[in-house]
Amino acid sequence: MKTNQSKNRKRTFISILSFLLLFATGNLIVNAAEFEQQLELTEFKQYAGSITDSNSGDPLVFAVLRVTGTNISSITNTEGEFLLKIPKNQKATQVVISFLGYQDEVIQLSELKEKGNKIQLTPAAIMLGEVNIQIPKDAEALVREVIDKRKDNYFDDALVMTAFYRETIKKRRRNVSLSEAVVNIYKQPYPSSRSDQVSLYKSRKSTDYSKLDTIALKLQGGPFSALYLDVMKYPEYIFTEELLNDYVFSFERSTRVNNQPVYVIKFNQRKDVTEPRYYGKLYINAKTLALMSAVYKLNLENKAEVSRWFVKRKPTNVKVMPTEAAYRVDYREKNGKWYYGYSNLQLGFKVNWKNKLFNSNYTLNSEMAVTDWAVNLEKKTISGKERLRPSVVLADEASGFSDPQFWGEYNVIEPEKSIESAINKIKRKMRKEQRSK
């Protein structure tokens, strides 16, 4: 009985972190609701620009911008670009920019322009032996201690978070589906076994079904597919006592983040383990033993088995083979306590039709960034009518793309050039349709 439960738990984890892909003929299911009353928009200032390495000039992907004296934050996209919005009623004066392995940069808001800000960060790598603390001898024992200390290192208060979520589907290099949403997350205390709750505030979506091989791809899970990457809240999905035994852990060169020493632990699937497992790196605060970031991938050697876990439903004459499954989660710190800040999932797969000469290659990406939060002092919850289910398919609200001020004061992840191009194409198409009516 225990063995069957273990297998089910492992397969549940694979499914949750693999976009829960569905294939079906017909249109995409719409399954979400918007709050009955929208929040009144607040006047805000916004700042846009890029963050790069001071030596190489390379863009810094997923660098964090935090507004001092507030819980407002934003993050750079895969091209190192950012967009930061700050309400005018906030009396903040500084922004702190952080990136793994670099020195923090503190910038006065008065020095930032509305557009074209070019910010450079300086590398701050150190060797493991230079960390001024006792160096552990056993990497696996350290990971176990990190999990044991999560109740001390992470928030034991309930939080209400505002987050921006985006999911895209690309056929080769062309965007064929784009979804964006602002969501409210009722984050449960980390020591609690209760699951987080999510409600949809505002969303927009457009899908070009003509580019999807006459079938519709459904991304089941929506924001939950990103939220469940919070391994400190949901360790049962990857680092249970049993699953830890399936990995080999080792130390790599140490680094710094937020001017603090960080252990880097590499983990790989044991050679004698046949079921698909993960491999990657854990970034651990060397003083508090809090997990600050985890970057990892799924071992795809057993493609047939992984495909059965990824794809829940498809036509019989279609063969789907995964080509990539990559994951990332980042945590942020406030007054000595850590919390979920950002996560990213990327899935690549090949679709092979039985009677077609060429294969179709798709890339699916899902990411979510917490942009503001507060302690849930009143212990409020989301009503059943407004609460999203973990099996949700994000609402199809393509009309939102016609409104250039759609997101208002909400912080979003600055779109990459390919996504921005897709949005502009959608807007042009909608304007053309409106003129023809």
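How much space lies in the second largest cavity? In this predicted model, the second largest cavity holds about 40 Å³ of space. The search of the whole structure returned 3 cavities of 30 Å³ or more.

The lining of the second largest cavity consists of Val 143, Val 146, Ile 147, Met 232, Phe 239, Leu 282, Ile 284 and Leu 291. Two elements, α2 (139-148) and β15 (278-285), each give two or more residues to this lining. Helix α2 provides the largest share, with 3 residues. In terms of residue class, 8 nonpolar residues line the cavity, and no polar or charged residues do so. Rolling a probe the size of a water molecule over the atoms shows where empty space is left.

Leu 291, part of this lining, is also named in the analysis of nonpolar packing. The largest nonpolar core comprises 76 residues, and Leu 291 and Tyr 331 have the most contacts inside it. Strand β18, spanning residues 337-353, gives the most to this core, contributing 8 residues. A second core, separate from the largest one, contains 20 residues, among them Phe 99, Tyr 102, Ile 107 and Leu 112. In soluble globular proteins, nonpolar side chains tend to be buried together.

Two residues of the second core, Phe 99 and Tyr 102, are also in contact with Leu 121. Leu 121 belongs to strand β8, which covers residues 117-121. Leu 121 counts as buried because its relative accessibility is 0%, against a cut-off of under 20%. Beyond residues up to four places away in sequence, Leu 121 touches Ile 51, Thr 52, Asp 53, Ser 54 and Leu 60, as well as Ile 97, Ser 98, Phe 99, Tyr 102, Gln 103 and Glu 105. Thr 52, one of these partners, lies 69 residues from Leu 121 along the chain, while the C-alpha atoms of the two are separated by 6.3 Å.

Confidence varies along the model. The average pLDDT of the protein is 79, and 76% of the residues score at least 70. Over residues 1-41 the pLDDT stays under 50, and the model has 113 contacts beyond four places in sequence for this stretch. The pLDDT is also below 50 over residues 127-131, a stretch with 12 contacts in the model beyond near neighbours in sequence.

Technical notes: Residues are numbered from 1 along each chain as its sequence is written. This is a predicted model: local features need pLDDT of at least 70, side-chain atom pairs count only at pLDDT 80 or more; totals for chains, interfaces and linings use all residues. Side-chain values use heavy atoms; hydrogens and water are left out. pLDDT is the predictor's confidence in each residue, from 0 to 100. Contact means heavy atoms within 4.5 Å. On a 1 Å grid over the protein atoms alone, a cavity is a set of points where a 1.4 Å probe fits but cannot get out, and a pocket is an open set with protein on both sides within 12 Å along at least five of seven lines; lining residues have an atom within 4 Å of a point. Grid points are joined across faces, edges and corners, and a volume is the space filled by probe spheres set on the points. Helices (H or I, at least four residues) and strands (E, at least two) are DSSP runs, numbered from the N terminus. Ala, Val, Leu, Ile, Met, Phe, Trp, Tyr, Cys and Pro count as nonpolar, Asp, Glu, Lys and Arg as charged, and the others, Gly among them, as polar. A nonpolar core is a set of buried Ala, Val, Leu, Ile, Met, Phe, Trp, Tyr and Cys residues joined through side-chain atoms within 4.5 Å. Buried means under 20% relative accessible area, exposed over 50%, partly exposed in between (1.4 Å probe, protein chains only).
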